[in-house]
Amino acid sequence: MTDPILELRDLEVHFNTFDGRAEVINGVDLTVEEGETVAIVGESGCGKSVTAETVMGMLPQPPGEIVNGELYYRDEELLGDETAHERVKTESLGMIFQDPMTSLSPVFTVGEMMRDVMTYQNKTNVGWLEIFRNIVGRRDVSEADMHDRCIELLDRLQIPDPEGILDRYPIELSGGMRQRVLIAMAMLGEPEFLIADEPTTALDVTVQDQILDLLSEQVKREDLSMLYITHNLGVARRIADRIYVMYAGEIAEVGSCEDILDEPLHPYSRGLVDSVPKLTEFDREGIEGLIPNYTEPPSGCRFHPRCPAAVAGECDVTRPPRFELADGREVACLLYEDGLSPAAANEIAATEADTNRGSGTTHGRSSGPRESDESIESLTQRMEDANE
Amino acid sequence: MSDATDDRTDDPLLRVQNLEKYYPITGGLLKKKVGEVKAVDGVSFELGRGETLAIVGESGCGKTTLGKTVARLHEPTGGSILFDGQDIGTLSERELKPVRREIQVVYQDPTSSLNPRKRIKDIVAEPMTVHDIGTKAQRRERVVELLRRVDLPEDFRYRYPSELSGGQQQRVAIARALTLNPSLLVLDEPTSALDVSVQAKVISLLEELQDDLGLSYLMITHDLSLTKNIADRIGVMYLGKLMEKAPAASLFDDPQNPYTEQLLSAIPIVEESEAAYKPDRISIQGETPDPSDPPSGCSFHPRCHRTVDECSRTEPELVDVGPDHTSRCVHHDDTD
Amino acid sequence: MSSLTNWVQSEAMENRKESARRIAYRFRQNPLSLVGLGIIGGLVFVAIFAPYIARHPQDAGYMGEPAVDFANRFAEPSLAHPFGTDQAGRDILSRVIFGTRYSLALGLFVLTFAIGIGVPVGLVAGYVGGFVGQALMRLTDVFLSVPPLVLALAVAVPLQPSLRNAMIAIAVVWWPWYARLVYGEVVSVREEQFVEASRGIGASRLRIIFREILPNVMAPITVKFSLDMGYAILIGAGLGFLGLGAQPPTPEWGTMIAEGRAYLPAQWWYSTFPGLAIFLAVLGFNLLGDGLRDVLDVEVD
C-alpha cells in the first residue's frame, strides 16, 4: 500500500476556558488514503469539528492550543511548520462548510467572490500593492478566462443559468444553490483534498440528496480524497469509504461503513447506531448520561461512565488503545483486548450490561428514582378542588 | 354544532377541516395587499384520543404554521378547528383561555422556548400561575412531581435553563406542557435540535407519557424515519397542502404519491436492512419553490419524476387510494 | 425531607456562588472597570458622609445658609484649605464634597424618571406594535431629533432656574433614549419562542411584557444606566454653568465653575477643582458602564 495522503498522529488539543484547561482532543490518530473518503461521525461536542479545524490550519489559537501531535500531508509535517501548512492549504486543500450563508460574503456577488478566489489562489502573503492592483482591475488572470472557468464549474454543479447566478448575491439564492456555489468555489483552486464540515446539515433531505450526489460525482471525477465531518450516520454511509466514530475527543472505532453501521463493535458506536430512528426499527434506549466535562475527563476510557458494559476496576483505570481486528477494523475498547471475536465480545458486553443493571448501578444517570407514581390527574384534581 | 354533540366519545379529539392560513404580502407606500402566501391551504385531518398524527414535510411547507394554527397561536384565515366538538378557530383570546389548558406546544429549540431569566420551578409552574390554580405549596408539589415524571432530579428546580443540557431543557419544556393535564400536545420538531442518543430517550419519554396519560400528539417533523416508528398516521405536506395521508404502515409499504416516494428515496439509510423500504433511486429535481408564487396545477409538478402535461393544468384532489389512505396526484384518476 | 431540602438549597447556593465567581472573573478581565467601581464607590461614600468628611460643612450650607468669612477670601490651596477658598472665603473642598450630593441626586432622579417613562413606552411599543407602537415610537423620534442639551435648555429656560427644574428639564430629554433602547431589545426578544410559549399557556399581554420580556431587557438597561449617570451629571452641571440650574451659593459643581470663571486665571483653583470633580464622576460611571457591558455581555447602541 502506498503512503496515505493525510495522516494525523496522536493529536492533542487543549482549550483554555474559564473553568480551566479543557482537554478537547485526546490522542487522535487518523489516516486518509489517496482517493479515499473518510467520515468522522460523532455527536455534538465530540471534537470532530476541532479535528477538522486543526487539519485545515484554522484552529483558533488561543483559546485552542495544539499540545501534541503531527499532521502529515504527502509525508510533509505541517503542525510544526506554519508556512508549509499555509502553502498546502492554498495549493491542495479545498473546504466546504456547514452554513453557506456565513461562509459567503453578503456584500459581494457570486461572480466577484469566484474571481477573487481565482486571483489569489495558490498565493500566500499577498501584498497591499497587489490587492490594490487587483481592485482597480489589473489582474494577472484574464477576465474572459476567469469567466469561462466560473461558468464551467457552476455548470458542473448543475446550477441552472450559471451566467445569471454570477451576478446574484448569496441572499438571493436558495440553500441548495448556495451550497453548490460553495462547492464550486472550493473546486476552483483545483484541490486534491476536500474537507467538508457538515455541508448538508442545514438542508432538506431532497436537497441533501442532490448535494451528496454532486459531491461524490466531483470526488470521483477529479479523483479527490476527502475528510467529511458529519453527525448523520446515513450521510456518512452514502458518501464515505471508511468511518471514524469519535467520542469525547477520542476515536472509538474505525472501519468500513458497512462494518461499523451494520455491526458496530464499540459500545458507544452500538448505542449511537441503535439510537438513530430507522425505517426498520428504532431502539429507544439511547445512551445514558451526558458527554463528559473536558476539564475533568473521566479516567481510563472516557466512555466508561456511560457505558452499559463497563467493567469496574478496568475501564475506569486503563485507557484502551485501538485494538486492530481484521480488515483494517480498529476498536478502542478493552472488550477486544484479547483479540476476541465480535460475537464473543458482544456476549460479554451483554452480560456486563445485565449485571450492571441488576445491581442497580446507574452509570452517570442524571435522573433520580421515580418513587411516587401518583397519577397526575389525581393531583391536579386535588388542586382544582382546593381552588374552588 | 348540534349534530356534533350527540355522541362525544366516538368523535375524534381534533377535527380540522379545510384549514387555511394565508399571509398577505403587502407592497408599495400604502401597504396595499399585492398577494398572499398560502402557508396552510385547505388542510383537513382528524386526530383521535391517544393517537399520534405526524405531519412530515420539508422546510417552508407550512407544517409549523399548521401546528401553531391548530394550537391557536395563529388565527386561521379559513376553515375550522373542531377541538372536542367546539370550533376553536374563531374564538377570541379571552374565550381561548380554557382551551389553552387542553392544547400545549413543545417547541423545537428548548434554548429559545425557556425564558433564560427564570428558574426551572417558575417555568414549570407558570401555567398554574397564569390560570391561578393551586396554592403555593401545591404548585411546588406539582413541580416536583412533574420533574420526576420527566426523569429529572427535583433539585433542578433551582437551576436556570442555561445550566441544563439540551435534552434536559427539552424535558423541562415537556414538563411545562404537562402541568395542566392537556389532552393534546403539538410537538413541533421536538427532537431535531438534539443528538440522536438524547433524541431516543426523549422520544421514549413522550411515548411513555402518551400511554400513561392518554395524550394525543400532533407531531410536526422533517424526519420520515422517526415518524415510521412513532406515528399512527402520517400526513405528508408540500407547499401548504397535504399530498398524502395514510396510516404509518401503509405509507411506508405502499407510498402512492410521487412526492412521498422522493422523500423516501432521499433518506440516507444507516443499516443495510433499511434498503428494503426504499423505492428505487429517484433523481430529484430542484428545491421547494417560492410559496408566494406556487407553480400552476399540481404544485409539485416541476420537481416530479412522473410529471405529465396535465400536471401543470389541473390541480388534483385528494382521493382515496386505500383504507384510510388518501393521496393527491393526477395519476390516481387514471387507475380509478 | 428536611435534609433533602437543605441539600437542595445548598446546591442552589453553590450555583449562586458560581455565578458570582464568574462575574468577578469578567470584572478582573477588565481592570479599568474596577477603577470605575472604586471611583463610584468613593463618590457615593463621600456623598453619604459629607458632613463628617468635609472640614467646613457650614461653608457648603450644611444646616443653614453658607457661611461667609471675607477675611479669608481667595486663599490659595494650602493645608488648611486644600482646594483654596472662594470670593466669600468658603472652603472649596468642603463645597466640592457636598456637590457630590447634588450631582448624584440629579443623576439618580433624572434616570429614574427617564427609565420610569422610557422603559414602559419601549415595552408597550415593542410588544404591542401596530398603530400604538408606531405612534409611541414616532413621538419618541420627535424628542430624539433635537440635540439633548438644546432641548434641555428649551425646557429649562421658561421655568424658574433651580436645581429641581433642571432635573425636570433633563428628565424630559432623557426618557426617549430608553424608549428606543428597550423598543429595539423587545422587538428581538419578542420573537423568542418562550414568549410564544407563554402566550400558548394563556398568559395575558401585561404578564408577558413584564414577566417574560422585561427581565430579558434588564441587562442593557443596567449598562445604559451606568453610562448615562455620567452624562446626566455632565448636562446637569452644564445647566448649572449656564445659570439655569442650581443657583449660587448652592455648592453645585457647574454653578461653582460658572462663578469661578470670573476670577480666572488668577484664582484658578476656584473653577478647576469642581471641574475635576465632574471629570472624575463622568469617568467613573463610564468605566463602570464599560465593565458592566462586558460582564453582562450586551451591546448598547
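I began on the surface of chain C, where I found that C:Val44, C:Phe45, C:Ile48, C:Phe49, C:Tyr52 and C:Ile53 form a nonpolar patch with about 610 Å² of accessible area together. I note at once that this is a predicted model, and that I read every entry below with that in mind.

I then looked up which elements carry the patch, and found that helix H2 (31-48) and helix H3 (50-53) of chain C each supply at least two of its residues. The largest share, three residues, comes from H2(C). I picked out C:Tyr52, which has its place in helix H3 of chain C, and asked myself whether C:Tyr52 is buried or exposed. Its relative accessible area is 68%, so I entered C:Tyr52 as exposed, given that the cut-off for that word is over 50%.

**Cysteines**

Next I searched for disulfides, which require a pair of cysteine sulfur atoms within 2.5 Å, and by this rule the count over all chains came to zero. A:Cys315 is accordingly in no disulfide, and the nearest cysteine sulfur, which belongs to A:Cys307, is 6.2 Å away. I also noted that A:Cys315 counts as buried, at 12% relative accessibility.

In chain B I asked why B:Cys298 has no bond to B:Cys311. The sulfur of B:Cys311 is the closest cysteine sulfur to that of B:Cys298, but the two are 6.0 Å apart, which is too far for a bond. B:Cys298 counts as buried as well, with a relative accessibility of 12%.

**Helix H10 of chain B**

I turned to helix H10 of chain B, residues 258-266, and asked how many of its nine residues are buried. The helix is mostly covered, with nine of the nine buried, among them B:Pro258, B:Tyr259, B:Glu261 and B:Leu264. I traced what these buried residues pack against, and the list includes helix H9 (205-221) of chain A, together with helix H8 (224-230), strand S9 (233-238), strand S10 (241-247) and helix H9 (248-253) of chain B. At the N-terminal end, B:Asn257 caps H10(B), with a side-chain oxygen 2.9 Å from the backbone nitrogen of B:Tyr259.

**Three buried residues**

I looked at B:Ala200, which lies in helix H7 of chain B, residues 196-213, and which is buried with a relative accessible area of 0%. Leaving aside neighbours within four places in sequence, I found B:Ala200 in contact with A:Ser275, A:Phe282, A:Asp283, A:Arg284 and A:Gly286. I also recorded that the C-alpha atoms of B:Ala200 and B:Leu226, which are 26 residues apart along the chain, are separated by 9.8 Å.

In chain C, I located C:Val119 in helix H4, residues 92-128, where C:Val119 is buried with a relative accessible area of 7%. Not counting residues up to four places away in sequence, C:Val119 touches C:Ala114, C:Tyr178, C:Val182, C:Leu214 and C:Ile221. For the last of these partners, C:Ile221, I noted a C-alpha separation of 8.6 Å from C:Val119, although the two are 102 residues apart along the chain.

My last entry concerns A:Ser269, placed in helix H12 of chain A, residues 267-275, which counts as buried at 1% relative accessibility. I asked which side chain is joined to that of A:Ser269 by a polar contact of 2.6 Å, and the partner turned out to be A:Glu253. With neighbours within four places in sequence left aside, A:Ser269 is in contact with A:Val245, A:Glu253 and A:Pro264.

Note on methods
Residues are numbered from 1 along each chain as its sequence is written. Chains are lettered from A and ligands numbered from 1 in the order in which they are written. This is a predicted model: local features need pLDDT of at least 70, side-chain atom pairs count only at pLDDT 80 or more; totals for chains, interfaces and linings use all residues. Side-chain values use heavy atoms; hydrogens and water are left out. Patches are made of residues with over 30% relative accessible area and no salt bridge: like charges are joined within 9 Å, nonpolar side chains (Val, Leu, Ile, Met, Phe, Trp, Tyr) within 5 Å. Accessible areas come from the Shrake-Rupley method with a 1.4 Å probe; for residues, only the protein chains shown count as cover. A salt bridge is a side-chain nitrogen of Lys or Arg within 4 Å of a carboxyl oxygen of Asp or Glu. Helices (H or I, at least four residues) and strands (E, at least two) are DSSP runs, numbered from the N terminus. Buried means under 20% relative accessible area, exposed over 50%, partly exposed in between (1.4 Å probe, protein chains only). Contact means heavy atoms within 4.5 Å. A polar contact is a pair of N or O atoms within 3.5 Å; within protein, one must be able to donate a hydrogen and the other to accept it, and residues adjacent in sequence count only if both atoms are side-chain atoms.
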